[in-house]
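This report describes the fold of one protein chain, going from its overall division to single residues. The sequence and structure are shown first.

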Amino acid sequence: MVLKPDVIIFYPSNGGIFEEKQILSDSKTFFVNAVAHELFTPITALLGLLQIAKEGEYVQETLGKMEKHLKRMQRIIEQLVLLSKLEQQEYIPEKVKINLKILIDEVISEYDKKIKQKNLFVHIKVNKIIKTDTEALKIALANLISNAIKYSNQNGDIIIHAKKDTLIIEDKGVGIPEEDLKNITARFYRASNARTFSGSGLGLAIVKHILRKLSLSWAIHSIVDKGTKIFLEIP
Ligand SMILES: Nc1ncnc2c1ncn2[C@@H]1O[C@H](COP(=O)(O)OP(=O)(O)OP(=O)(O)O)[C@@H](O)[C@H]1O
Ligand SMILES: [Mg+2]
C-alpha cells in the first residue's frame, strides 16, 4: 500500500510504521498524567454535586448527574484493566470459525438506539467465515463501529463491507485531522475536532492492542469533513 499523509498503517509485528513518533505520547509519564486528568475531572464534578445534594435541594436531579459521572469512571477503569491485560501478554487468543456478518450484526444491534437517534443508514455487505478469537475481535469491531456512529453527522451513511481479505468500515463523518493521525491510537489521545463528542480516547488504543494480539494488520484513512475508512485484514 502506498503511504499517503492521511493514512496510518499498523503492522502486527512491530506495532506500526509511526511507532517511534508514538513513543512520546505513549510514555509512562504521559499515561499517568492522562489517567489522573481523566479521573480528576469526574471526581471534581462529583464532589460539587455531592455538596448540592447535601444541601437537600434538587436531590433527584443531582443524583442522576452523579450516576452519569460514576458510570463514566467505571467505563474508564474497565477499559484500563482490559488494556493492561492486553499489554501484559495475559490475553491468549482462542481462535474459532465464525460468521463475520453475524458478529457485525450483534455489534450493530448494541448501538441500535444511537443509530436511530442520528437516523444513520448502515449498509452491511459481508459474507465471510473467518477463524478468530470472537470475544477479542468483537471488542475491536465494537470500538471501530461505535466511532463510525459517534463521529457521523445526522442522517449519515456507514458502509461495512468485505473485499477479499479486507474488512472496510467507512463513515462520512467529521474525519481526523492529518496532524492528529500519527498519535490517534495513543491512550487518551483525542483529535482536535473531537472535543464536542463524549469519549475518553481509549477505544483505538484497545483496538491496536487486540489486533496486534490477533496478528492482524490494519489502516486508518481519514480526511476532515469527508470521513474515515478503517481497513482491517480478515484471516
Ligand atoms: N470514525 C472516526 N471519525 C472521526 N474521528 C475518529 C473516528 N474514530 C476515531 N476518531 C478520532 O480518534 C480519537 C480516538 O478514538 P478513540 O475511539 O480511541 O476514543 P474516543 O472515541 O474519543 O473515546 P472512547 O474511549 O469512548 O472510544 C477520537 O477522539 C477521534 O478524535
Ligand atoms: Mg471511540
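The text below covers domains, the sheet, one helix and a few loop residues.

**Domains and annotation**

The model is predicted. The chain is split into domain 1, made of residues 7-18 and 94-233, and domain 2, made of residues 28-87. Taken over C-alpha atoms, the centres of domain 1 and domain 2 are 26 Å apart. In the contact between them, 9 residues come from domain 1 and 9 residues from domain 2.

An unreviewed UniProt entry lists residues 34-235 as "domain: Histidine kinase". Over residues 34-235, helix accounts for 49% of the chain and strand for 19%, while the end C-alpha atoms are separated by 34 Å.

**The sheet**

An open sheet is formed by 6 strands in the order β1-β7-β8-β6-β5-β3, with mixed pairing. At its edges are β1 (7-10) and β3 (121-125), each of which pairs on one side only. Direction ignored, neighbouring strands of this sheet are turned by 10° against each other on average. In general, the strands of a sheet are held in pairs by backbone hydrogen bonds, in a parallel or an antiparallel sense. The table gives some of the strand pairs, with a bridge partner for each.

| Strand pair | Sense | Bridges | Bridge partners |
|---|---|---|---|
| β7 (218-223) and β8 (227-233) | antiparallel | 6 bridges | H221 and K229 |
| β3 and β5 | parallel | 5 bridges | F121 and D157 |
| β5 and β6 | antiparallel | 6 bridges | I159 and E170 |

Strands β5 and β6 also make a hairpin with 2 residues between them. In its turn, K164 has a positive phi of about 45°.

**Helix α6**

Does the end-to-end distance of α6 agree or disagree with its residue count? Helix α6 covers residues 134-150, 17 residues in total, and at 1.5 Å a residue the expected span is 24 Å. The end C-alpha atoms of α6 are 23 Å apart, so the distance agrees with the expectation.

The buried residues of α6 are A136, L137, I139, A140, L141, A142, N143, L144, I145, N147 and A148. They pack against several elements, namely α4 (100-110), β4 (129-132), β5 (157-163), β6 (166-171), α8 (203-213) and β8. In an α-helix there are 3.6 residues a turn, so residues three or four places apart point the same way.

**Loop residues**

Which residues other than glycine have a positive phi in the loops? One is N119, with phi of about 50°, and another is N155, with phi near 65°. N119 lies in the loop between α5 (112-117) and β3, whereas N155 lies in the loop between α6 and β5. N119 has 10 other C-beta atoms within 10 Å and is therefore exposed, the limit being 12 or fewer. N155 is likewise exposed, because 10 other C-beta atoms lie within 10 Å.

F188 belongs to the loop between α7 (178-181) and α8. With 18 other C-beta atoms within 10 Å, F188 counts as partly exposed, because burial requires 20 or more. What does F188 touch, leaving aside its neighbours within four places in sequence? It is in contact with A34, E38, S200, G201 and L202. F188 and K208 are 20 residues apart along the chain, and their C-alpha atoms are separated by 13 Å.

Definitions and conventions
Residues are numbered from 1 along each chain as its sequence is written. Chains are lettered from A and ligands numbered from 1 in the order in which they are written. This is a predicted model: local features need pLDDT of at least 70, side-chain atom pairs count only at pLDDT 80 or more; totals for chains, interfaces and linings use all residues. UniProt positions are given in the numbering used here, feature names are shortened, and annotations may be inferred rather than shown by experiment. Helices (H or I, at least four residues) and strands (E, at least two) are DSSP runs, numbered from the N terminus. Two strands pair if DSSP finds at least two bridges between them. Axes are lines fitted to C-alpha atoms, for helices over the stretch in contact, and angles run from 0 to 180 degrees between N-to-C directions. The expected span of a helix is 1.5 Å times one less than its number of residues. Two residues are in contact if their C-beta atoms, placed from the backbone, lie within 7 Å. Domain bounds come from an automatic or database domain assignment.
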